[in-house]
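Trainee: Could you take me through one part of this structure closely, with attention to how its pieces touch one another? I would like a single connected account that I can follow with the model open beside me.

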Amino acid sequence: MSQTDSKCCCGSKSCSSEPCFMAKNYFVFRRLHSLSGIIPVGVFCIVHLFTNFQIMIQQIPFIKDLFNEADIFQHEVDFIHSMPALLFVEIGLWSAIGFHAILGIAYTIGGKSNTTHYKYEKNYRYTLQRVTGIIALIFIFVHVATLRWRWNLGGWFTPFYAHGPNGEPLVTATTAYALQAHWLVSAFYLIGALGVVYHWANGLWTAAITWGVTITPAAQARWNKICAGLGVALAIFTVGAVIGANTYQIKPHELEAIHTMMEHGAHYRETADGHECPMLKDGQAPTDDCCPVMDEATAGKAVVEEEAAAKPAHTE
Amino acid sequence: MIASDAKKSFFVKVKRQDSPEKNPYYEVFELPYKPNLNIISCLQAIASNPVTVDGKQSTPVVWDCSCLEEVCGACTMVMGGQVGQSCSTLVDELIERDGTGTKDNPITLEPMSKFPVVRDLFVDRSSMFANLKDIKGWVPIDGTHDLGAGPKEDPEAQELRYQLSRCMTCGCCLEACPQFSLEGNFVGAQVFGQTLYFNTHETGASLKEDRLDVMQQAGGISDCGNAQNCVEVCPKELPLVEAIAKIGRQTTVHSIKKFFTGKK
Amino acid sequence: MSQKQPRVIVVGGGLAGLSATIKVAEAGVPVDLFSMVPVKRSHSVCAQGGINACNEVARQQGYSEWIHMDETLYGGDFLQHQPPVYEMTHWAPRIIDLLDRMGVPFNRTAEGQRDLRLFGGSLFKRTHFAGASTGQQLLYGLDEQVRRHEADGKVNKYEFWEFLWPIIDDNGECKGIIAQDMRTMQIKPFLADAVVMATGGNGMVFGKSTMSVICTGGAAARCYQAGAWFGNPEFIQVHPTAIPGEDKCRLMSESARGEGGRVWVPREKGDVRPPLDIPEEERWYFLEEKYPAYGNLVPRDIATREIFFVCEDGYGIGGSRMVYLDVSHLPQGTKDKLKAILEIYEKFTGDDPTEVPMKIFPAVHYSMGGLYTVFTEEEKEAVPGDGEKTIGMKDGAPNNMMTNIPGLFAFGEVNYQYHGGTRLGANALLNCIFDGLFCGPSLVNYAKEGRMSPASELSQDIIDKFVKQEQDKVDALVNSKGKANPYDIWRRLGDEMTAAATVVRTEERMQKALETVKALREEYKDVCLSDTGMWTNQNLSFTRALNDMLIYAEAILVPAIARKESRGSHYRPDYPERIDDPFQKTSLVKYVNDQPELSYEDVATPMVPPRARTYGKTS
């Protein structure tokens, strides 16, 4: 290592290959990695978890009475969905998550946990940060794939619908439906989302060292308290949301609407203004402003599979 | 000492390796117990009578040591799974901490795992010294001519530099670091401490930019995973976490400055 | 191996070796630096207290370089040559400045000036320090500068290489060294136009000492066997305060006393109460009582003897051979300055010295004697404070600190100059760095012009002869079918030397020790290696050095027996007074027919006439 020529970024002492773009901008990539975790992903998570928390809050009678709004959760989701160019936000988020995840995995491979011999708190946190990173990645992917993209993962078919076939509010019901599908789903959400929370809160703490904001151990201890506070708050939101989703009583008409949507839902896609497209007849070609999530060829097939798979899961 | 409950002997299991190419193996030795023995004394006892518990005539264990008072940094090794200086690690401490020392559960002595083994417990730490060359670990004086005193220094700044200057290149911080590995290019806490040490000196700071360029590369400051084991195991209690954070700050500022005003 | 350009070899990477390397490299002459350990691990790291130099504060209180010289000569009981001491003490302030510029983290005052502490043998604060690990800090400062020259390609480091023998040509001039890689065990010749030994002391001869395990005195003893002379080898400093241990005695710096630490024992013999339960009036601060002016800061040999006799008389703690060194009463800020040594005490004993007094006893610490060297005198221009006659050393004279073998120099502790009968605390670091910086140019001048013939013209036959000599030694050891255990011989040597030739030396005891050492040398002929492999064989290295330690031990005992007087660290109860006629002389020990041969050389006292060394003792 000398200051004139950069090291190869492959991480090997013995590598002597010409420094690539990554190697030349190594530091920038590492800093962007840190930043991408905190700002886009982290801030989104706070909003998201806070929104979810409403599912429980709104079930508490006196809070419910405070607002002139029966379904706060629905309201907030509708608000988010009403944001213009939500697609760009989504693309931005996915790029940030993808970037953060790919580099994160690469960096994780470079380290080797040694908590068996060095049982220090920060060392456990180091290991946990990497474990929760992987958990978070899997969780976010599955979470979005099932709810947002409405994938059927081997019978796990718990899509999310903001509105029913006739535009009726469905946010709370469909969330509750998804999490009530099986206790494992709730457990998965609990572990996954808490993993995300830990990863973010601890990441916020280490980022302050990485960027050189908190210098002394005393400053780091103070910042640690703040990060822990944020983490606990988000953890409360998370647990609250999961509890709320489990305690919510799905009304018969909501159930019917969900089932209707699940049977044909693969053809739906929320438009930018928050409204569902009208239901398409089988075989009918989608229009430009209202296209199905999946392409035509797979759409029909998926519906059949979904029907077959979804039924037994939801009869309980 | 009360004779009746005094321990008569204890057992030590040493990881041996005859040369870098050979496979490692273990040997167990029985040693007479005395209170306040350090690990060096164990190895000295083995050297003067290298016979294993199985009665096999072996060779003296090879290890690196010099001052025996925890200031030269030579005798680092892994004892009972944890890295430290074998001069200041006492047998009693290990027996109490790990419950080892018995025939079935002897005290293990192993070489550091993050450096190439030369023989037995003796490892090659030359990379640590080479890294000091890379960061230009010196104050660029104009020569040894009589040019008067150095810069005045605030006692607080001196205190920080003094603490950092106590780094004895022992390698504990690197051995305990989950990010540092034998194959990888991460330089580890020792280098960050030394970088800060020179960057903090008025004359030494004239090479600050060069040092920070090195810190920005792969294997530099941004590969730190903040496990902070370094500061836990450092026998000299160097403010390594502080050094890492400060170098983090300096590189952050350095890269922004370079982006806006850099010529290259 | 042909080389036209002059080259210098430095053996030893402590303060003396590194400062010499810097000077030579700076002059543009390439340096090969040999060390048994990475240079950052040299024994200089163990020096704790500080480095003496006249400074502005002390100067305005009446101190001067001249007084520094006077203290050094008085402390050394006037056995040393005075011009080198004059030169060293006058260079001291400039050396501190240079170290300061190199970035050594000297302690600072609130204003940002270099802080000072009191040290043994002086009534002035004239010791500069960096916490309580000054040697470490100075060594690192020099190591960094050497690394810079190494990065520039001017210095080649050979770390984990052991010096085996000097190469001496038919004219008797040193032309290089034979060295062995301690990992591959390869034996190789290295040629140079000047070779400097900066190989430190010989503590291992005494078994347990405050010295590092590498301080066998082996390198010096090899030069001695090759024809170099020893000067005053009988002068061995026993440090008053060390922590007795199973594997070694760990130093407890004089700075503990310099910062206000007090030495005491219970007034009642065999008092077994815990120290904190003993009230002030029942404590005997014997040093303060006997030496009101210097108190706990009398020179080391005096403090050592007082502690030794107090224990002999049965006043040691609970009847043992230990006394209290107490810093528990000092303010927190002062304790912080001593952190480095106090935490060492706690780590090795489990007691916190900031709470309870430390238990200490004297231990072998420093070799005042060593390889005999010469220098060129020169009259110097007097500076304020100087006496009438001012004689120093001639700058750059090609023979400064050269041994009796042309081309072979000795710097630092291995050099017998500067300290005479005993060394004052914080003068060793100064001596080592001064040798390197002041005499470094002498090496260059010798290598360029002073030499009789260039090393590159040395015949291959001579080189081969020395390589073979060393190879044969190795072969003999490896193939030995003997029975003697080298570690056992070493332990017995150490016990005998410590008992006979440290604090108190009597003719009878030393004669017995000489017989023992002779017997051990016989036994050594039957020595057996437990490791005969040819890869990183420390057993071989140790056993080879053991022979040199035995030879060195004889060279210590013979002049010690012959010096029938008491002077500095050499205390003879059978001759308790200093006897200038005939002993105001350097003991010269030559290796003739496998035996030490003793002769004397006069020591002139041109600047400071000898006076009685009492340190104001009251009783």
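Mentor: What follows is a close look at chain C, from its domains to one helix, and then at its neighbour in contact, chain B.

Please keep in mind throughout that this is a predicted model. Chain C is divided into three stretches of assignment: domain 1 covers 8-235 together with 368-457, domain 2 covers 239-364, and domain 3 covers 462-596. Between domain 1 of chain C and domain 3 of chain C, the C-alpha centres lie 24 Å apart, and the contact between these two domains draws 40 residues from domain 1 and 42 residues from domain 3. On the side of domain 1 of chain C that touches domain 3, at least two residues each come from β7 (161-168), β9 (187-191), α6 (218-225) and β11 (230-231) of chain C, and the largest share, five residues, is supplied by α6(C). Sorted by class, that side of domain 1 of chain C holds 21 nonpolar, twelve polar and seven charged residues.

Turning to a single helix of chain C, α11 spans residues 339-349, and its buried residues are Ala340(C), Ile341(C), Leu342(C), Ile344(C), Tyr345(C) and Phe348(C). The packing partners of these buried residues of α11(C) are β12 (236-243), β13 (250-251), α7 (255-258), α10 (332-337) and β17 (358-367) of chain C. After α11(C) comes Gly350(C), which has a positive phi, near 85 degrees.

Chain C also touches chain B, in a contact that takes 57 residues from chain C and 56 residues from chain B. On the chain B side of this contact, the elements that give two or more residues are α1 (39-48), β6 (117-119), α3 (126-134) and α4 (155-165) of chain B, while the residues of that side divide into 23 nonpolar, 21 polar and twelve charged.

Chain B is itself assigned two domains, domain 1 (9-122) and domain 2 (125-142 + 151-261), whose C-alpha centres lie 31 Å apart. Within chain B, 14 residues of domain 1 are in contact with 14 residues of domain 2; on the domain 1 side, β3 (76-79) and β4 (82-85) of chain B are the elements that give two or more residues, and the largest share, three residues, comes from β4(B). That side of domain 1 of chain B has six nonpolar, six polar and two charged residues.

Terms used: Residues are numbered from 1 along each chain as its sequence is written. Chains are lettered from A and ligands numbered from 1 in the order in which they are written. This is a predicted model: local features need pLDDT of at least 70, side-chain atom pairs count only at pLDDT 80 or more; totals for chains, interfaces and linings use all residues. Domain bounds come from an automatic or database domain assignment. Two residues are in contact if their C-beta atoms, placed from the backbone, lie within 7 Å. Helices (H or I, at least four residues) and strands (E, at least two) are DSSP runs, numbered from the N terminus. Ala, Val, Leu, Ile, Met, Phe, Trp, Tyr, Cys and Pro count as nonpolar, Asp, Glu, Lys and Arg as charged, and the others, Gly among them, as polar. A residue is buried if 20 or more other C-beta atoms lie within 10 Å of its own, exposed if 12 or fewer, and partly exposed in between; C-beta atoms are placed from the backbone.
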